[in-house]
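Take a moment to look over the chain from one end to the other. Then follow the text below with the structure open beside you.

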Amino acid sequence: MNKKIFTLLIILLSFACANADNGSNSPYSRYGIGLLSDQSLGVNRQMGGLGYGLYSSRYINILNPASFSQADTLTMLFEAGFSLQNVNFKEGNKRINAKNASFDYVAVQFRICKNLGMSAGFLPYSTVGYSFSNTSNDGTNEASTNSYTGTGGVYQPFIGLGWKPFKWLSVGIMGSYVYGDIPHEVGINFTNSTDRSRTYDVSMKSYKLDFGAQYSTKLGKKHDLTVGATYSLGHDMNAKAKITDVTSSSSVTDKIENSFKLPHTYGIGFVYGYKGEWKFGADYTLQQWSSSSFFGIEKGVDRNKISIGAEYTPSRLSNNIFKMMSYRAGGYYAGPYTEIKGQKGCEEYGISAGISLPFLNNNNRNSHATLHLSGQFIHMEPKSAGMIAENYLRINLGITFNENWFMKLKVR
């Protein structure tokens, strides 16, 4: 019965992810393919997006598919997450707030056989959502109102394998189907003459391949170190893009070829552990977007990201709930991946902190749920003068179910 319930939950939550509000209000999502998702789940978000050197049998880490090899023999993990946020937009002396919520991801993980684990799920790759307008005057008596709207995004169902050929080495691969539709519209309404509009449409269906490795070693009785590395294959996204100009008397469409590409992405990081209680780590990521352009107008730029994070778990075997909880914190810096008005786009700074609270099963300590709760503050700083600065206050909620599906009962 439990297996049937979980299977039904996976189907329903995957459908909810595909149809839920994407949680974006940012005018900067009109550039490139939108705001990039950080590809992280509950624990990673608590630690500033840290993940290349993390692995555990208690939670899922998709930032490095090599971590899938640590799946527990007896249990299946199921994790889902969503977020609530308030965004403050600041332009000069003007401030506006916007609130929204989004269902962010769903994932499962289990062991296939000894030293071989598998994970699958669904999450966004990027999000687009904005609507704003302004009024301009070309120096004559005729004014115009310019309106800008955009929706959609790029989504990423995935499946991956992690294998542990040696005690100290794990390797993994994750394949994703990357798809999405992104329509943008710019409308120009004149006071005394014909209105005009321009639409930008792109539809893409492609694949994404991620490779990962983790090397772990003991540094004495109380210390350990894990080094992780990842690579994501860059290639054409097989996008169908077009720009359409419409007036009251004509409509002209231009097709854009070979414009949207996934970047070659390289990642490296480490996690240092002490006594099984403390963890500290750092990650570096390079995404080579400079080989991409968007609608043949905007250029991509190489994107750098640095994440740091720490964790403290007093005692997982204690009966004291406060000692069983994991306390985490972290921060990150991410550069832009597009140009805006001929200059690089927004730089992004974020800090986060959170807890993971286990809810134990009285009959089976290994079968339980864990609530991942974290708060994030994110600041987006534009490089161009006179543009909007954004501040996000975000609450992330995730829950991991750890169920003993594969325990064999012995009958005497």
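The paragraphs below go from confidence to strands, then to charged pairs, a surface patch and a few single residues.

Start with how far to trust the picture. This is a predicted model. The mean pLDDT of the protein chain is 85. Of its residues, 87% reach 70 or more. Confidence varies between the elements. Helix H1, residues 2–19, has the lowest mean pLDDT, at 51. Strand S8, residues 223–232, has the highest, at 97. Keep those two values in mind as you look at each element.

Now turn to the strands near the end of this tour's numbering. Which way do S17 and S18 pair? They pair in the antiparallel sense, over eight bridges. S18 also pairs with strand S21, which covers residues 347–360. That pairing is antiparallel too, and it runs over nine bridges. So S18 has S17 as one partner and S21 as another.

You can trace a path across these strands residue by residue. Begin at Ile308, which sits in strand S17. Opposite Ile308 stands Gly331 in S18. From Gly331, step on to S21, where the bridge partner is Ile351.

Arg328 gives a second route through this region. Arg328 lies in strand S18. Its C-alpha is 6.1 Å from that of Ile355, though the two residues are 27 apart in sequence. Arg328 also reaches toward S17. The side chains of Arg328 and Glu311 meet in a salt bridge, 2.8 Å from N to O. Arg328 belongs to S18 (residues 326–334) and Glu311 to S17, so the pair ties together parts that are 17 residues apart in sequence. Is this pair buried or exposed? Arg328 has a relative accessible area of 5%, so it is buried. Glu311 is at 3% relative accessibility, so it counts as buried as well.

How many salt bridges does the structure hold? It holds four. One of them joins Asp245 and Arg198, at 2.6 Å from N to O. Asp245 is in strand S10 (residues 239–246) and Arg198 is in strand S7 (residues 196–218), so this pair ties together parts 47 residues apart in sequence. Asp245 has 26% relative accessibility, so it counts as partly exposed. Arg198 is at 31%, so it is partly exposed too.

Another salt bridge links Asp210 and Lys208. Their closest N and O atoms are 2.8 Å apart. Asp210 is at 11% relative accessibility and counts as buried. Lys208 is at 8% and is buried too. Why do they count as buried? The cut-off is under 20% relative accessible area, and Asp210 is at 11% while Lys208 is at 8%.

Next, look at the surface. Which residues form a nonpolar patch there? They are Phe166, Trp168, Tyr215, Val227, Ile268, Phe270, Phe280, Tyr284, Ile306 and Ile308. Together they have about 910 Å² of accessible area. Three elements each give two or more residues to the patch: strand S13 (264–274), strand S14 (278–288) and strand S17 (303–312). Ile308 appears here again, as a member of the patch. Its relative accessible area is 42%, so it is partly exposed. Ile308 therefore belongs to the patch and also stands opposite Gly331, with partial exposure at 42%.

Two more residues deserve a visit. Ser176 is found in strand S6, residues 169–190. Ser176 is buried, with a relative accessible area of 6%. Its side chain joins that of Gln156 in a polar contact of 3.0 Å. Thr217 is in strand S7. Thr217 is partly exposed, at 27%. Thr217 and Leu169 are 48 residues apart in sequence, yet 9.1 Å apart in space, C-alpha to C-alpha.

Finish with two loop residues. Asn115 is in the loop between strand S3 (94–113) and strand S4 (116–137). Its phi is near 65°, a positive value in a residue other than glycine. Asn115 counts as partly exposed, at 25% relative accessibility. Asn238 lies in the loop between strand S9 (235–236) and S10. The phi of Asn238 is near 55°, again a positive value in a residue other than glycine.

Methods:
Residues numbered from 1 in each chain as written. Predicted model: local features only at pLDDT ≥ 70, side-chain atom pairs only at ≥ 80, totals over all residues. Heavy atoms only, no water. Patch = residues over 30% accessible without salt bridge, like charges linked within 9 Å, V, L, I, M, F, W, Y side chains within 5 Å. Areas by Shrake-Rupley, 256 points an atom, 1.4 Å probe, with all protein chains shown as cover. Helix = DSSP H or I, 4+ residues; strand = E, 2+ residues; numbered from the N terminus. Buried < 20%, exposed > 50% of the residue type's maximum accessible area, 1.4 Å probe, protein only. pLDDT = per-residue confidence, 0-100. Pairing = 2+ DSSP bridges. Polar contact = N/O pair within 3.5 Å; in protein donor to acceptor, adjacent residues only side chain to side chain.
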